Amino acid sequence: MRKVVGMTATLLLTDPLFLQHDPGEGHPESPARLRRILQLLARTPIAGTVMAQPRSATDAELSAVHSPELLAALSKLSGQHARIDADTQVSPDSVDAARLAAGAAVQAVEAVLAGRAMNAFALVRPPGHHAEPDRSMGFCLFNNAAVAAEAGRRLGAERVLVLDWDVHHGNGTQAAFWGRRDVLYQSVHQFPYYPGTGAAPEVGRGEGQGFTVNCGLPGGNTDADYGMIFEELLLPVAQAYRPELILVSAGFDPHRDDPIGGMDVTERGFAAMCTAVRKLAEEVCGGKLVLLLEGGYSLEGLSNSVHACIEVLAGRDDSFAAGTVNADARQALAASRQALQPFWASVR
């Protein structure tokens, strides 16, 4: 168990309002997801954690990412049942829950940067990484990770890393920072898959070239495959970038039991990813790390994986399982390295 002098416990932020967001019967992003996580935490609490209720994001915090038109459109849906697209539906409490989810992300950043928390996990819904600056989509209303990254910048973090291990590419987060270098976006995801973005040559634009890192895997990839991607691509670039705050879009739909994803990751694989990122944070930014809940639709796989990651935040270490790396994962790594070689010596 590590000790970080001067810091307190791992902060867990959640609220009953998140359970009131109801996309409809049969929808995979159901209240049961968060309910199962909280039930497991109640049965098997983790020492060194503190749970608190968050505040809602302000208009100014949301406007740092999202257009006035989107904020106005979502405000009009407050208190209603409505369908935004084929995948994204709201119930009367959904917009308030989404504001609270974004606020939880900001509050987690505030606590970690101020040293009031050793690190933090915002256990929220709806998720956020598909929400673009001017569009809600893919189960997401506001982009929690992007709002959190902007909060980190306002609070003095000159460089912020957003690492996304959800099975789907975070098109919204990528779009928010596509032309910037003060936020490095990294994603390992299934490709081609929803939403269709996240190919290796997508590396950013203009001043932001090289500050978007995408590794798209074809599916069926294991803990060992993810370990290779972390150790040979994501971590070397991140270490060279030296972020002052690290955010993780923590989606657990790469789990082997997930009904939507097509990966073969276990809860111990997620714990290994979390360990790698926590150690990176300890190395480069004094442990300033925030996880934000994204996808994950196997109730057992999701809850066990979240629990395993919270154990890591509180001090447990895990490592990637040894095993044969799939050839298609090596090909995906090679494509990403080739796209990034003009920008990062660490992958040449």
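Which elements do the buried residues of α9 pack against? In this predicted model, they pack against β1 (10-13), α1 (31-43), β2 (49-52), β5 (119-122), α8 (267-284) and β10 (289-293).

## Helix α9

Let's start with the helix itself. α9 covers residues 299-313, which makes 15 residues. At 1.5 Å a residue, a helix of this length should span 21 Å, and the end C-alpha atoms are indeed 21 Å apart, so the two values agree.

Most of α9 is covered, with 11 of its 15 residues buried. Among them are G301, L302 and S303, and further along you'll find H307, A308, C309 and I310, as well as V312 and L313. Once α9 is done, G315 follows, and its phi is positive, near 135°.

## The annotated domain

The unreviewed UniProt entry puts a feature called "domain: Histone deacetylase" at residues 27-313. Over that stretch, the chain is 41% helix and 15% strand. The C-alpha atoms at the two ends of residues 27-313 sit 30 Å apart.

## R205 in its loop

Now for a spot in a loop. R205 lies between β7 (183-190) and β8 (212-217). Is R205 buried or exposed? R205 counts as exposed because its relative accessible area is 52%, and the cut-off for exposed is over 50%.

R205 still has some company: leaving aside residues up to four places away in sequence, R205 touches W178 and G179. Along the chain, R205 and W178 are 27 residues apart, yet their C-alpha atoms are separated by 6.0 Å.

How values were computed. Residues are numbered from 1 along each chain as its sequence is written. This is a predicted model: local features need pLDDT of at least 70, side-chain atom pairs count only at pLDDT 80 or more; totals for chains, interfaces and linings use all residues. Side-chain values use heavy atoms; hydrogens and water are left out. Helices (H or I, at least four residues) and strands (E, at least two) are DSSP runs, numbered from the N terminus. The expected span of a helix is 1.5 Å times one less than its number of residues. Buried means under 20% relative accessible area, exposed over 50%, partly exposed in between (1.4 Å probe, protein chains only). Contact means heavy atoms within 4.5 Å. UniProt positions are given in the numbering used here, feature names are shortened, and annotations may be inferred rather than shown by experiment.
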